[in-house]
Amino acid sequence: MAYDPGEFYLTDPRPLLTQGDVYLAPAVLAWSSASRSAIPLVPPAPGEPGRTVFVPAWRHEASSAAPGVTLAASWTPVLVISHDCEIDKEFNEYVDALIREGVPADEAEERAGAMSELDPYILVSPLLPYDEQELAPDRWEVVRTGRKIGYFPLPGMPSYEDDEFFIHLSRICTIERRLLVPAYKAASLTEFGRGLLRFKLAEALSSRNLSLVSKLEQAIGHRITDVRTLKVKRQDATVALVLDDGSEIQVAVRVDREVDVPERTRKSGA
Amino acid sequence: MDVTNRVLTIEEVKQKMKDIRAVAVHYGGVVHCGERGRDELVIVSSRRWEEVTGAARSETGARNPYGAFARALESGRLGAGGGAAERRRRIPGLAAESQMTVEEMAALGMEEERPRRRRQEL
């Protein structure tokens with residue numbers, strides 16, 4: 001499966017900080033100093049994107065209970081991983097609270113917008129090149145085609161010389177929101193790209209169940225929009241899968257005797 | 001070698017730094033004194049300095065995979081216009097709390113598959 005970059009990137013970046021945006025920004029990774037050593041010296045800021053500097057997090061003595069830590073700090077293109085709702089959650093809660101107190105909506109938004117302590121944490125992940133130092137070459141194609149769990153492919157960016165990158169979903173880090181500067185936003189994913197990103201995140205970080213649902217949806221040719229338990233009796237249950245066209249499929253399930261399933265009966269709408 | 005702790009004059013310090021730098025350069029090294037107020041003088045080889053600062057990649061002539069972004073910076077397509085923060089996304093009534101019970105959440109989140117092998121912790 002090949003991606004058409006036209007399906008993946010908007011012509012112009014979005015105006016708001018959004019999941020799926022690409023910024024030039026810092027990214028950080030903590031190493032054990034036993035794996036990566038660093039000299040106790042503050043290096044100069046990177047002169048160009050893609051540089052990584054290594055610095056000790058603290059002075060470590062043999063008697064320290066805390067381990068020796070080396071921080072690898074990069075200035076690099078990063079992909080915004082945080083969900084849109086998460087990006088401005090505290091801001092919206094604060095605005096809603098002000099409005100409930102009688103503050104006009106415009107003023108409430110202006111006051112909350114000036115509070116930099118709201119929603120300071122943004123998850124990002126560095127864009128990595130298809131380079132044998134980052135990923136074994138025999139894995140490039142399966143990553144590029146979106147089939148490798150734990151990775152998200154970024155096809156060539158038309159505005160950036162069509163260079164391809166990928167995201168390693170174990171390299172996600174947290175940076176302060178103010179480090180994502182609008183003038184350094186390079187690109188934004190389309191809704192197609194963002195949908196794929198959310199799926200890959202769920203697949204890698206939360207639930208293998210997701211892939212089972214996908215398999216089921218493929219088998220029946222529709223999206224499942226809801227699931228209802230219709231009938232449970234001893235070892236048997238009937239479950240209704242509500243599909244995106246409004247129809248339902250009823251599935252008979254044999255329930256494990258050890259599982260405590262609530263007794264509920266409901267008339268089918270089919 | 002005189003190792004007594006005596007106070008050096010500024011001129012003596014300057015001369016000693018010249019001597020140290022000359023020796024470092026002679027052996028292919030670099031001298032950085034760190035920040036004002038720090039009590040360490042660190043001398044590293046050029047190779048080590050490149051490792052620390054990430055300069056090694058360009059020095060070997062290897063293509064910088066992020067070159068397109070570097071060129072965008074140079075042209076002003078990226079980075080121009082300063083650092084004004086983006087305005088916030090207003091979503092009235094955004095749900096901040098889940099309506100599910102912890103038991104329901106855990107039941108949905110329980111893994112169906114378990115890894116076949118797990119690494120022993122180091």
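Buried means under 20% relative accessible area, exposed means over 50%, and partly exposed lies in between (1.4 Å probe, protein chains only). This is a predicted model: local features need pLDDT of at least 70, side-chain atom pairs count only at pLDDT 80 or more, and totals for chains, interfaces and linings use all residues. Residues are numbered from 1 along each chain as its sequence is written, chains are lettered from A and ligands numbered from 1 in the order in which they are written, and side-chain values use heavy atoms, with hydrogens and water left out.

**Exercise 1. Classify Arg88(B) as buried or exposed.**

Step 1. Take the value: Arg88(B) has 9% relative accessibility.
Step 2. Apply the cut-off: buried means under 20%.
Step 3. Conclude: Arg88(B) counts as buried.

**Exercise 2. Find the salt-bridge partner of Arg88(B) and say where the two residues lie.**

Step 1. Recall the rule: a salt bridge is a side-chain nitrogen of Lys or Arg within 4 Å of a carboxyl oxygen of Asp or Glu. Side chains of opposite charge can pair when their charged atoms come close.
Step 2. Name the partner: Asp88(A) forms a salt bridge with Arg88(B), and the closest N and O atoms are 3.1 Å apart.
Step 3. Place both: Asp88(A) lies in the loop between helix H2 (84-87) and helix H3 (89-100) of chain A, and Arg88(B) in the loop between helix H4 (67-75) and helix H5 (102-109) of chain B, so the pair joins two chains. Helices (H or I, at least four residues) and strands (E, at least two) are DSSP runs, numbered from the N terminus.
Step 4. Check burial: Asp88(A) is buried too, at 2% relative accessibility.
Step 5. Widen the view: Asp88(A), Asp119(A), Arg177(A), Arg88(B) and Arg89(B) are linked in a network of salt bridges.

**Exercise 3. Describe the surroundings of Arg177(A).**

Step 1. Locate Arg177(A): the loop between strand S8 (173-176) and strand S9 (185-188) of chain A.
Step 2. Classify: Arg177(A) is buried, with a relative accessible area of 12%.
Step 3. List contacts (heavy atoms within 4.5 Å). Beyond its neighbours within four places in sequence, Arg177(A) touches residues including Leu17(A), Ile87(A), Pro120(A) and Arg88(B).
Step 4. Find a polar contact (a pair of N or O atoms within 3.5 Å; within protein, one must be able to donate a hydrogen and the other to accept it, and residues adjacent in sequence count only if both atoms are side-chain atoms). The side chains of Arg177(A) and Asp88(A) make one at 2.8 Å.

**Exercise 4. Work out how Arg111(A) and Glu107(A) are placed.**

Step 1. Both lie in helix H4 (residues 105-113) of chain A.
Step 2. They are four residues apart, about one turn of the helix.
Step 3. Their side chains meet in a salt bridge (3.4 Å, N to O).
Step 4. Arg111(A) is partly exposed at 39% relative accessibility, and Glu107(A) is partly exposed at 37%.

**Exercise 5. Classify the ring pair of Phe165(A) and Phe69(B).**

Step 1. Recall the rule: rings of Phe, Tyr and Trp (its six-membered ring) pair if their centres lie within 6.5 Å; planes under 30 degrees apart count as stacked, over 60 as edge-to-face and the rest as tilted.
Step 2. Apply it: the ring centres of Phe165(A) and Phe69(B) are 6.1 Å apart and their planes stand at 55°, so the pair is tilted.
Step 3. Place the pair: it crosses between chains, from Phe165(A) in strand S7 of chain A to Phe69(B) in helix H4 of chain B.
Step 4. Check burial: both Phe165(A) and Phe69(B) are buried.
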